[in-house]
Amino acid sequence: MITLASDFGSPYPAAMKGVIRRHTDAELIDVAHDLPRGDPRAAAFWLRFVLPEFPPAVHCAVIDPGVGTDRDALVVRAGSHVLVAPDNGLAMPPARALAGESGGESGKGNDDGDEAIEAFVVDVDEPASETFHGRDVFAPTAARIRAALDGGPAAATPEAVSDALSAMDDLSPATDPVDLVLPEPSVERDDAGDPVAVEGEVLAIDRFGNVVTNVPGELIRGRDWVRINGELTPVAETFGAVDPGDRLVTVGSHGYVECDVNDGRGDGAFDLRPGDSVRIVADNVSL
Amino acid sequence: MITLASDFGSPYPAAMKGVIRRHTDAELIDVAHDLPRGDPRAAAFWLRFVLPEFPPAVHCAVIDPGVGTDRDALVVRAGSHVLVAPDNGLAMPPARALAGESGGESGKGNDDGDEAIEAFVVDVDEPASETFHGRDVFAPTAARIRAALDGGPAAATPEAVSDALSAMDDLSPATDPVDLVLPEPSVERDDAGDPVAVEGEVLAIDRFGNVVTNVPGELIRGRDWVRINGELTPVAETFGAVDPGDRLVTVGSHGYVECDVNDGRGDGAFDLRPGDSVRIVADNVSL
Amino acid sequence: MITLASDFGSPYPAAMKGVIRRHTDAELIDVAHDLPRGDPRAAAFWLRFVLPEFPPAVHCAVIDPGVGTDRDALVVRAGSHVLVAPDNGLAMPPARALAGESGGESGKGNDDGDEAIEAFVVDVDEPASETFHGRDVFAPTAARIRAALDGGPAAATPEAVSDALSAMDDLSPATDPVDLVLPEPSVERDDAGDPVAVEGEVLAIDRFGNVVTNVPGELIRGRDWVRINGELTPVAETFGAVDPGDRLVTVGSHGYVECDVNDGRGDGAFDLRPGDSVRIVADNVSL
């Protein structure tokens with residue numbers, strides 16, 4: 001199996017699939033091709049969320065604002081999974097999740113498995129284009145890796161995957177791959193241990209303008225109102241709980257707090273961009 | 001084969017696919033993941049339109065505004081097809097079409113096959129999340145059903161599918177599944193039997209704002225103008241037949257009358273929402 | 001393998017897949033279903049870009065503004081590839097590229113292979129609908145062709161594919177298929193042979209309003225500014241290089257010059273539509 005993720009929209013991913021089909025008949029599964037444009041951190045967030053659901057596979061993830069520069073093409077082994085991505089850090093958060101993974105719907109990975117991660121640099125020939133390395137570099141690399149793994153990663157031990165990668169002529173150990181660590185929120189609790197305030201950060205804006213933070217949803221569980229950077233905002237399970245144009249706070253399906261507007265854009269209303277701080281304070285606590 | 005339909009957008013369906021791949025290698029086909037958000041009736045309309053084209057399969061359809069409440073997870077057998085969906089009625093209109101189906105492009109199903117429908121409730125363990133039962137409940141249920149059907153539904157008789165479902169430990173007969181009957185329009189005809197007026201209803205608004213009604217397109221066949229709730233509107237085959245910003249009535253590829261605006265939103269221009277009445281009157285008949 | 005391309009959006013392509021699955025288990029790969037609506041020329045451009053990446057396959061491409069008229073349904077063999085499409089010319093530019101193709105990422109096809117192209121007309125029974133020939137005509141035709149090619153086009157020689165098509169009862173040689181030749185830009189060069197001005201044309205507007213021209217990107221390589229129809233415009237590698245709302249010229253991943261606006265629509269700002277002329281002049285040359 002090869003999964004594909006990018007910010008390419010359409011029809012560019014089909015060109016990657018065509019290239020892959022010249023190398024292998026392995027199944028192709030799209031993760032997403034509408035990831036936030038040129039934002040490796042947002043991609044890392046989404047891939048850390050989605051990829052651990054899969055059995056071991058080759059994951060080709062191309063969010064590549066540095067295409068055409070001398071940034072490396074990276075191959076990262078995480079347990080029996082393999083990630084193929086530009087060396088801008090996006091592969092590391094999902095790799096840590098995949099390396100610690102214990103399988104299945106509820107048994108998501110954790111970030112403890114660094115020792116199970118190996119990184120390689122791809123020795124890239126002059127690619128056919130300066131702008132479409134998804135087609136010219138990453139897709140064929142993913143395909144050749146998959147073809148080298150008889151039966152695919154799911155059929156192999158981490159050691160067998162490691163051996164197969166080490167035996168590939170055009171891969172050499174990466175000496176200093178770019179890392180990207182997704183920020184963790186800091187939580188202030190009251191004497192009973194209940195959360196009263198959280199300092200978080202915006203991880204991603206989705207295409208509807210919803211602001212995805214790094215604040216776990218359970219921290220606002222049971223609250224009707226919170227203050228978002230000082231502004232009193234209702235907590236709701238659905239957009240329709242507030243009038244069109246009104247702001248709300250929800251917990252997205254990814255489990256993190258979102259700052260949204262019903263039938264509008266949260267990024268504009270809350271004036272938030274990726275990387276901005278978000279302070280969430282329980283409503284019964286004065287600022 | 002497992003088909004997948006939802007209102008999840010991206011990349012959530014990929015998480016469902018990852019979960020399914022831990023259970024079965026069955027082919028995955030996306031029906032749509034941009035169905036109208038939280039609208040089981042619109043989903044029922046679209047699935048009734050699309051699913052009868054498929055040979056028998058497991059269809060996993062998650063439009064689930066009640067996620068996190070105590071609504072049941074439902075499994076519905078319709079002939080040799082199996083639908084897995086929240087118990088909000090969305091499965092029933094496509095199930096009736098699938099139960100009566102006779103196969104192939106033109107031989108679409110009909111709604112007479114109620115006796116061929118069986119419903120089961122899924123005995124759900126505590127899911128990993130309160131908000132993403134697509135991943136935590138419906139996808140693994142669909143996968144386990146598919147895995148239990150050696151060769152898949154297309155290779156089995158309705159009886160064999162029924163036996164397989166009845167043998168599953170976590171399925172028990174549904175005593176009172178929610179039904180959802182898509183409304184039928186009422187037609188007034190002249191002495192010659194030609195339709196002169198139709199009382200219909202808005203079934204869905206698509207993402208372009210096009211208003212899909214339950215009025216079959218043949219009822220306006222050959223008309224140049226009709227009145228939509230009193231307003232004289234041209235009937236056209238293409239949006240480009242009217243100026244940008246102008247209203248028109250078309251027959252969509254689903255075969256039903258749509259109220260649209262060229263390069264604009266029909267829902268706003270016609271002031272129509274799902275569930276609203278639409279009276280369509282032939283132009284040569286006075287109101 | 002069967003690839004699918006259309007301007008249908010969602011969920012219509014799933015109906016095509018269901019129909020295909022009644023005929024064959026061949027792999028299905030989506031090229032794009034958001035191609036510019038009703039624009040065979042834009043589709044021809046995109047398919048000429050994407051399809052040559054694939055190994056020989058059956059490609060079903062339905063951009064069909066003439067659906068319901070008496071336009072023919074066409075089957076075009078190009079080498080070992082087969083295209084199934086309405087007879088509006090869209091199949092010809094990709095067919096020429098596929099006929100001349102020499103395989104692989106960098107070895108894209110060329111347009112010299114006319115002799116390797118054969119066109120057939122499909123003898124169509126009365127279809128089930130007047131508006132959805134993607135489901136009723138093109139998908140089943142593609143499926144039956146694929147089923148007739150034991151092992152698929154990739155396993156067959158051009159001669160074997162030709163023989164298989166000629167043996168099909170409902171295909172007869174096309175006497176005068178519509179051709180559509182994508183325009184080539186004309187280039188003015190200085191005494192040193194460097195390009196100083198290009199007369200090009202708008203091939204497509206993508207869904208973000210980006211204006212895709214037929215001008216190869218290398219013609220503006222190394223320029224910081226160019227004049228677009230007289231208007232001085234910066235050349236940039238990324239949208240973010242200019243302020244939101246500002247115009248820029250980029251080279252898209254397809255390799256052609258685009259006229260864009262950062263966080264806005266290039267078609268509006270440059271007042272350009274498909275078919276319009278674009279004169280691009282190097283900035284150090286007076287107009």
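How much area do domain 1 of chain A and domain 2 of chain A bury between them? The exercises below work through this and the chain interfaces of a predicted model.

**Exercise 1. Describe the interface of domain 1 and domain 2 within chain A.**

Solution.

Step 1. Set the bounds. The domain assignment of chain A gives domain 1 as 2–173 and domain 2 as 186–282. Their C-alpha centres lie 31 Å apart.

Step 2. Take the area. Domain 1 of chain A and domain 2 of chain A bury about 820 Å² between them. Carbon and sulfur atoms carry 62% of it.

Step 3. Find the main contributors on domain 1. Arg41(A), Phe45(A) and Trp46(A) supply 57% of the area that domain 1 of chain A buries against domain 2 of chain A. No other three residues supply more.

Step 4. List the contacts. Nine residues of domain 1 of chain A touch twelve residues of domain 2 of chain A. Three residue pairs are in polar contact, both residues at pLDDT 80 or more. The rule finds one salt bridge across this interface. Arg41(A) forms a salt bridge with Glu201(A), with the closest N and O atoms 2.6 Å apart. That distance falls inside the 4 Å cut-off.

Step 5. Sort the domain 1 side by class. The side of domain 1 of chain A that touches domain 2 of chain A has five nonpolar, no polar and four charged residues.

**Exercise 2. Find the turn and shift that lay chain B on chain A, and state how the two copies are related.**

Solution.

Step 1. Superpose. A turn of 120° with a shift of 0.0 Å along the axis lays chain B on chain A, with an RMSD of 0.1 Å.

Step 2. Interpret. The two copies are therefore related as by a three-fold rotation axis.

Step 3. Locate the axis relative to chain B. Of the residues of chain B, Glu27(B) comes closest to the rotation axis, its C-alpha at 5.4 Å.

**Exercise 3. Characterise the side of chain B that touches chain A.**

Solution.

Step 1. Count contacts. On chain B, 21 residues are in contact with 27 residues of chain A.

Step 2. Take the area. Chain B and chain A bury about 1,900 Å² between them, with 57% of it on carbon and sulfur atoms.

Step 3. Check the charged pairs. There are two salt bridges between chain B and chain A. The side chains of Arg21(B) and Glu27(A) meet in a salt bridge at 2.5 Å, N to O.

Step 4. Assign the elements. In chain B, α1 (12–21) and α4 (133–148) each supply at least two residues of the side that touches chain A. α1(B) gives the most, with seven residues.

Step 5. Sort by class. The side of chain B that touches chain A divides into nine nonpolar, five polar and seven charged residues.

**Exercise 4. Repeat the analysis for the side of chain C that touches chain A.**

Solution.

Step 1. Count contacts. Here 27 residues of chain C meet 21 residues of chain A.

Step 2. Take the area. Chain C and chain A bury about 1,900 Å² between them, 57% of it on carbon and sulfur atoms.

Step 3. Check the polar links. Chain C and chain A share two salt bridges. Arg135(A) and Glu53(C) meet through their side chains in a salt bridge at 3.5 Å, N to O. Six residue pairs are in polar contact, both residues at pLDDT 80 or more.

Step 4. Assign the elements. β2 (28–32) and α2 (40–50) of chain C each supply at least two residues of the side that touches chain A. The largest share, four residues, comes from β2(C).

Step 5. Sort by class. The side of chain C that touches chain A has twelve nonpolar, six polar and nine charged residues.

Definitions and conventions. Residues are numbered from 1 along each chain as its sequence is written. Chains are lettered from A and ligands numbered from 1 in the order in which they are written. This is a predicted model: local features need pLDDT of at least 70, side-chain atom pairs count only at pLDDT 80 or more; totals for chains, interfaces and linings use all residues. Side-chain values use heavy atoms; hydrogens and water are left out. Contact means heavy atoms within 4.5 Å. Buried area is the accessible area (1.4 Å probe) that two parts lose on being put together, summed over both. A polar contact is a pair of N or O atoms within 3.5 Å; within protein, one must be able to donate a hydrogen and the other to accept it, and residues adjacent in sequence count only if both atoms are side-chain atoms. Ala, Val, Leu, Ile, Met, Phe, Trp, Tyr, Cys and Pro count as nonpolar, Asp, Glu, Lys and Arg as charged, and the others, Gly among them, as polar. Copies are superposed by least squares on the C-alpha atoms of residues with pLDDT of at least 70 in both. Domain bounds come from an automatic or database domain assignment.
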